[in-house]
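Here is a short briefing on one protein chain. Please read it alongside the sequence and the coordinates.

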Amino acid sequence: MAPGIPSRQLFIGGEWVVPVRGERIPVICPTTELQIGDIPAATTEDVDIAVKAAREAFARNKGQDWSRASGKHRAKYLRAIAAKVLERKEELARFESLDCGKPIDEANWDMDDVSGCFEYYADLAEKLDERQYSPIELPMEQFKSSILREALGVVALITPWNYPLLMATWKVAAALAAGCTAILKPSEMASVTCLELGAIAKEVGLPPGVLNIITGLGTAAGAPLSSHQGVDKPVTLELGGKSPIIIFDDADVDSAVEWAMFGAFWTNGQICSATSRLLLQEGIASEFLRKLATWASSIKISDPLEKDCRLGPLVSDSQYKKVMNYIKVAQEEGANLVCGGKRPANMEKGYFVEATVLSDVKPSMQIWREEVFGPVLTVTTFKTEEEAIELANDTEYGLGGAVISKDDERCKRVSELLQAGIVWINCSQPCFSQAPWGGNKRSGFGRELGEWGLENYLSVKQITRYISDDKWGWYPVPSKL
């Protein structure tokens, strides 16, 4: 076992709890293909215990301990968690690189974002106090009405493996800021840092049961959690995509090439919003592809713990095989392999795939229409702005999209017409805790982050008071009353 990989149990009710069935799941390092530890395998019985702990924490002391406490009270814990994440930043980043293959520089960046997200929602928790009993203007002066924002209840948070701790934080920080109690179930493919969040919660004294963390297979733990009658049910979903990046012929080619690469190869290409469909205006296509091939082929592919690594391994053997099959089928269907498409020659072990660019891709091809979730950029060309928009929107997904051009008016037109929840202009992939994140079509519904993320976990209650000294007088007073 690699040194420094902690052996944790389930985190339920503020304590480490052995799974009822005592089973565990091996943690395989995608860089070495070796087991570096294991995680507990929760099942239905453990889900029941975690939900019970969360319900008790929500109602404890009539909610005064957490759910009905002030936002300022909850913010203290969120800020304490943020500080502990920064204190353990290098250690947590290393765990994440070992667990899912994320380059260490990216993992360190993610830990900064984790801390920042907890800080941001601490601020919103405090501001929530100021928004309580906000007045509503009414047409009748005899009444006074206001809004009370209450925690939704016990929530289930199921998160993916590509940003293990960060995407868990998007949900956890917002849910706790609102006053909810939560059961977090991270992907079994990358759970190590989420379990460490339990250790941090315990260290800062988060009230028992406010945050519970169970790990395990989706079928054994995720399914019973998502269907549990003890969990309050409004749902938001972020389901990935096949995002376009449109580059017009007036763009700065060198800058656009780098943004195209970043949009497709960041996080080893395993990013839900990856701008993996590149639409190039014909006038710059030849120059662009030449520079793209040269630059993509020079990306440092290595052990993700190495300094300046920019492309690490895919998360698992099954994901590696899936990506390689997509590349194979694309070429069989007529796509041209510009660069990449294979395992790096110097990497005998690990689930590594070179940064891959495929040109001459037709909209009917599988590689153009389906989410690959690997470092694969597909390219087609267009003549007019109208054609570019039609190609970009011809998809069942609608998470993100990007447009690169020196023409501000064109960028504005295109951004308004792209059918996506997120649009980037002259860049790709920036993400901020303050801005809403989510998609349209099959990319899901609802929004995370920003004030919108907090609203997911709040229930709005109308409180209306009759303030007139006059009787209501709707019914005649009986003579013998």
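The points below cover the domain layout, the interface and three loop residues.

This is a predicted model. The domain assignment splits the chain into domain 1 (10–236 + 448–464) and domain 2 (244–425). Domain 1 thus takes in two stretches of sequence, given as 10–236 and 448–464. One salt bridge is counted between the two domains.

**Domain layout and buried area**

- The C-alpha centres of domain 1 and domain 2 are 33 Å apart.
- In the contact between them, 20 residues of domain 1 meet 26 residues of domain 2.
- Together the two domains bury about 1,900 Å². Carbon and sulfur atoms account for 62% of that area.
- Thr31, Glu33 and Trp161 provide 26% of the area that domain 1 buries against domain 2. No other three residues supply more.

**Polar links across the interface**

- The rule finds 10 residue pairs in polar contact across the interface of domain 1 and domain 2, with both residues at pLDDT 80 or more.
- On the side of domain 1 that touches domain 2, helix 3 (89–100) and helix 4 (104–131) are the elements that give two or more residues.
- That side of domain 1 is made up of 10 nonpolar, 5 polar and 5 charged residues.
- Asp105 and Arg310 form a salt bridge. Their closest N and O atoms are 2.9 Å apart.

**The loop between strand 20 and helix 14**

- Glu448 sits in the loop between strand 20 (444–445) and helix 14 (450–455).
- Why does Glu448 count as buried? Its relative accessibility is 7%, and the cut-off for buried is under 20%.
- The side chains of Glu448 and Lys171 are joined by a polar contact of 2.9 Å.
- Leaving out residues up to four places away in sequence, Glu448 touches Trp170, Lys171, Glu238, Ala435, Pro436, Trp437, Gly453 and Asn456.
- Leu449 lies in that loop too, between strand 20 and helix 14. Leu449 counts as buried because its relative accessibility is 1%.
- Phi of Leu449 is near 70°, a positive value in a residue that is not glycine.

**The loop between helix 8 and strand 12**

- Asn268 is placed in the loop between helix 8 (253–265) and strand 12 (277–281).
- Is Asn268 buried or exposed? Asn268 is buried, because its relative accessibility is 1%.
- Asn268 has a positive phi, near 60°, and is a residue other than glycine.

Definitions and conventions:
Residues numbered from 1 in each chain as written. Heavy atoms only, no water. Domains from an automatic or database assignment. Contact = heavy atoms within 4.5 Å. Buried area = accessible area lost by both parts, 1.4 Å probe. Salt bridge = Lys/Arg side-chain N within 4 Å of Asp/Glu carboxyl O. Polar contact = N/O pair within 3.5 Å; in protein donor to acceptor, adjacent residues only side chain to side chain. Helix = DSSP H or I, 4+ residues; strand = E, 2+ residues; numbered from the N terminus. Nonpolar A, V, L, I, M, F, W, Y, C, P; charged D, E, K, R; others polar. Buried < 20%, exposed > 50% of the residue type's maximum accessible area, 1.4 Å probe, protein only.
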